[in-house]
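Visitor: Could you walk me through this protein model, one question at a time?
Guide: Gladly! Have a look at it first, and then ask away.

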Amino acid sequence: MRFLPVGDSMTIGATGDFTWRYRLWQHLDAVCPGSYEIVGPRTTLYDPGADAPLSHAYADPSFPPAARRHLAGWGEGWLHMAPVIADAVREAEADVLLVSLGLIDLGFYTDAGQTAANARAFIEAARTANPRVRMVLLPVIPNIRAESDAPFAASCARFNDLLARAVTDLDTPASPLLLAPTPPGYDIHTDTYDGTHPGPTGEHLLAATFADTLHRAWGVGGPYAQQHAEPVSA
C-alpha cells in the first residue's frame with residue numbers, strides 16, 4: 001500500500017519535531033516491513049524563522065528521506081488541499097490517504113458548512129485520480145482557542161458532525177472512507193506543546209488512531225503497540 005499523509009501544521013510539523021508521520025513510519029516498519037510505501041510531493045518541515053516549509057531538521061535525523069514524504073502545509077486546510085489532491089494522488093499513485101484537516105479552515109478561512117463542502121470536494125477530486133483510493137479522515141481536535149471561544153468550539157463540533165455525514169454519504173465499496181476516532185485520552189494541555197501542535201505523546205496518539213483504524217477496518221498492519229508515554233527524547 002502507498003500511504004499519503006495529508007494535513008495542516010499538525011501534520012507537517014516544525015523544525016525539531018519528530019511528527020506523527022515519523023511515529024507512523026516506525027510502526028509500519030515494525031508491523032509490515034517491505035509491504036508499504038509513504039508517498040507525497042513534499043518532505044520538509046515548517047521553518048518558523050523563515051516562515052516557510054524549508055526545514056529538514058527532524059528530531060531524528062535517521063528518519064529516511066523517502067518516509068518523510070507528505071502533502072501537508074502550515075496554514076493549509078481543506079480549502080487549499082481540495083484543488084491539489086488529484087495531482088498529488090495521481091503523481092504519487094497513492095492508495096490510502098491519511099487526512100487530518102479542518103482546524104485551520106474553521107479558525108481563519110471558512111465556516112463549518114463551507115469547510116464540509118471543501119472536504120466533499122477533496123474526496124471527489126481524489127477519486128478522479130484514483131477511483132479506488134481509500135481514505136481515513138480524522139475529525140478536528142479542538143485546540144486551546146476553543147476553551148475560551150464558544151462560537152469556535154461550536155463550529156468545530158458542527159464540522160465534525162458534517163464530516164461524519166460526508167463519510168456516510170460518500171463511502172463506497174470501491175473507494176471506502178473511514179472516520180478515525182479522536183485519539184482516546186488526547187489532552188491539549190499535556191499532548192501538545194502550545195495547545196494545538198502535538199508534542200511526542202500527542203504524536204504517538206495521532207499515529208495510533210490512524211494505525212489502529214487501518215488495522216481494525218481493513219486488516220492493515222497491526223495494533224499500535226508503541227507506548228506514547230515514553231521519554232520525550234525518544
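Visitor: Let's start with Glu93: is Glu93 buried or exposed?
Guide: Welcome, and keep in mind that this is a predicted model. The relative accessible area of Glu93 is 53%. Exposed means over 50%, so Glu93 is exposed.

Visitor: Where is Glu93 placed, and what is its phi?
Guide: Glu93 sits in the loop between H4 and S6. Most residues other than glycine have a negative phi. Glu93 is a residue other than glycine, yet its phi is positive, near 55°.

Visitor: Which other residue has a positive phi although it is not a glycine?
Guide: Look in the loop between strand S3 (45-47) and strand S4 (52-55). A residue there is exposed, with a relative accessible area of 57%. Its phi is positive, about 55°, although it is not a glycine: this is Asp51.

Visitor: Now the inside. Which residues touch the most other members of the largest nonpolar core?
Guide: In soluble globular proteins, nonpolar side chains tend to be buried together. Here the largest nonpolar core has 38 residues. Those that touch the most other members are Leu4, Val6, Trp78, Ile85, Leu97, Phe122 and Met135.

Visitor: Which strands each supply at least two residues of this core?
Guide: Helices and strands both appear among the elements that each supply at least two residues of this core. On the helix side, they include H3 (78-81), H4 (85-92), H5 (103-109), H6 (112-129) and H8 (150-170). The strands are S1 (2-7), S6 (96-100) and S7 (134-138).

Visitor: What does Ile85 touch, not counting residues up to four places away in sequence?
Guide: Ile85 is one of the core residues that touch the most other members. Leaving out residues up to four places away in sequence, Ile85 touches Leu4, Val6, Leu71, Leu97, Phe122, Ala125 and Ala126.

Visitor: How many residues are in the other core that lies apart from it?
Guide: That other core lies apart from the largest one. Val96, Leu178, Leu214 and Val220 are among its members, and its size is 33 residues.

Visitor: How do H6 and H8 run relative to each other?
Guide: Two packed helices are described by the angle between their axes and the distance between the axes. For H6 and H8, the axes are 9 Å apart and the angle is about 30°. Angles under 35 degrees count as roughly parallel, so H6 and H8 are roughly parallel to each other.

Visitor: How many nonpolar, polar and charged residues make the contact of H6 with H8?
Guide: The crossing of H6 and H8 is right-handed. Among the residues in contact are Ala116, Ala119 and Ile123 of H6 and Phe159, Leu162 and Ala166 of H8. By class, the contact has nine nonpolar, three polar and six charged residues.

Visitor: Staying with H8, is Asn160 buried or exposed?
Guide: Asn160 is found in helix H8. Apart from neighbours within four places in sequence, Asn160 is in contact with Pro139 and Val140. Buried means under 20%, and with a relative accessibility of 17%, Asn160 counts as buried.

Visitor: How far apart in space are Ala164 and Ala116?
Guide: Ala164 also lies in helix H8, and at 27% relative accessibility it counts as partly exposed. Ala164 and Ala116 are 48 residues apart in sequence. In space, their C-alpha atoms are separated by 9.7 Å.

Visitor: Why is H2 called oblique to H9?
Guide: The axes of helix H2 (residues 20-31) and H9 come within 8 Å and cross at roughly 55°. Angles from 35 to 65 degrees are not roughly parallel or roughly perpendicular. That crossing angle therefore makes H2 oblique to H9.

Visitor: Is Thr209 of H9 buried or exposed?
Guide: Thr209 lies in helix H9. Leaving aside neighbours within four places in sequence, Thr209 is in contact with Leu138, Ala180, Pro181 and Pro183. Its relative accessible area is 5%, so Thr209 is buried.

Visitor: And finally, is Pro184 buried or exposed?
Guide: Pro184 is in the loop between strand S8 (177-179) and helix H9 (200-218). Its C-alpha atom is 25 Å from that of Asp169, 15 residues apart along the chain. With a relative accessibility of 66%, Pro184 counts as exposed.

Conventions. Residues numbered from 1 in each chain as written. Predicted model: local features only at pLDDT ≥ 70, side-chain atom pairs only at ≥ 80, totals over all residues. Heavy atoms only, no water. Core = buried A, V, L, I, M, F, W, Y, C linked by side-chain atoms within 4.5 Å. Buried < 20%, exposed > 50% of the residue type's maximum accessible area, 1.4 Å probe, protein only. Helix = DSSP H or I, 4+ residues; strand = E, 2+ residues; numbered from the N terminus. Contact = heavy atoms within 4.5 Å. Axes fitted to C-alpha atoms, helices over the stretch in contact; angles between N-to-C directions. Parallel < 35°, antiparallel > 145°, perpendicular 65-115°, else oblique. Left-handed = near helix turned anticlockwise from the far one by under 90°. Nonpolar A, V, L, I, M, F, W, Y, C, P; charged D, E, K, R; others polar.
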